[in-house]
Amino acid sequence: MEKNFELPSDHASRKFKGRVVFLGNQVKNQDSEQATFMDMGNSPATIESARLCDFYGCLNGHMASVADAVQAYIQAELGGNICWINLPREAWPEKEDGTGVLKDKTEIHNHNLIVAHWNNMRNPETILLMALYGQPDSVTMWEVLCDYAVKAVGFEAVGAEWPSVYFHNELKLLLIIYVDDFKLAGPEENLEKGWALLKTKLTIGPEG
């Protein structure tokens, strides 16, 4: 899809985006039966906490800003039971003809040997290592990583009744997380410090 297509053609926010997903509705167990998952994740911030963050950002001398995690789920490793996936043909490595990014002849030769090996397979499968979108356990793995990361840089969870809401006592910053959307509010002079802390543990896009 083309995001923000209504903007001028040279605008930085106008770009094509795509997503590779795991077909979570087609997961089978070792007996070829429909696999079941605990679905323990998925505790995003509530609309009340979003409004609280907006209010906190409206106080005198405060401001609120937002940013998105970059390819959020696949920042986390997939835990739990081992999950095997088969790759569609378009995801297989392609033959390098020497005009692309592989410049060294030995590198090209080795790459082409790998391609030839793949082409001898009918339906190659591999273990899924990262929390790919669509895998039912991915949301849990992302939230576990996210919780660990924000706590590691000084944010503390507000409480069980306020899921995905954190406060940094030293910087007086309130953070809420809705899946891969981050909203940070507090003293204007501390916002940049807060984002810098978060970006030491997570890959987060530019804030605005």
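These notes walk through a few local features of the structure, which is a predicted model.

1. **Helix H2.** Start with H2, which runs over residues 105-119. This helix has 15 residues. From its first C-alpha to its last it reaches 21 Å, close to the 21 Å expected at 1.5 Å a residue.

2. **The buried side of H2.** Which residues of H2 are buried? They are Ile108, Asn112 and Val115. Around the axis these residues cover an arc of only 55°, so they sit on the same side of H2. The background is simple. An α-helix has 3.6 residues a turn, so residues three or four places apart point the same way. When viewing the model, look along the axis of H2 and find Ile108, Asn112 and Val115 on that shared side.

3. **Cysteines.** How many disulfides does a search of the whole structure find? The count is 0. Cys53 is in no disulfide. Its nearest cysteine sulfur belongs to Cys58 and is 9.9 Å away. A disulfide needs the two sulfur atoms within 2.5 Å, so the pair does not qualify. For background, a disulfide is a covalent bond between the sulfur atoms of two cysteines.

4. **Cover over two cysteines.** Is Cys53 buried or exposed? Cys53 is buried, with a relative accessible area of 0%. Cys83 is buried too, and its relative accessible area is 10%. Both values fall under the 20% limit for buried residues.

5. **Ser32.** Check the backbone here. Phi of Ser32 is near 60°, a positive value in a residue other than glycine. Ser32 is in the loop between strand S2 (15-16) and helix H1 (47-58). The residue is exposed, at a relative accessible area of 58%.

6. **Gln71.** Gln71 also has a positive phi, about 45°, although it is not a glycine. Where is Gln71 placed? It is in the loop between strand S3 (62-68) and strand S4 (84-86). Gln71 counts as exposed, at 55% relative accessibility.

7. **A nonpolar surface patch.** Six names to locate on the surface: Ile74, Ile82, Trp84, Ile127, Leu129 and Met130. Together they make a nonpolar patch of about 590 Å². One of them, Ile127, lies in strand S5, residues 125-127. Ile127 counts as partly exposed, at 33% relative accessibility. Membership of a patch requires over 30% relative accessible area, so Ile127 passes that cut-off.

Key
Residues numbered from 1 in each chain as written. Predicted model: local features only at pLDDT ≥ 70, side-chain atom pairs only at ≥ 80, totals over all residues. Heavy atoms only, no water. Helix = DSSP H or I, 4+ residues; strand = E, 2+ residues; numbered from the N terminus. Buried < 20%, exposed > 50% of the residue type's maximum accessible area, 1.4 Å probe, protein only. Expected span 1.5 Å × (residues − 1). Arc of directions from axis to C-beta. Patch = residues over 30% accessible without salt bridge, like charges linked within 9 Å, V, L, I, M, F, W, Y side chains within 5 Å. Areas by Shrake-Rupley, 256 points an atom, 1.4 Å probe, with all protein chains shown as cover. Salt bridge = Lys/Arg side-chain N within 4 Å of Asp/Glu carboxyl O.
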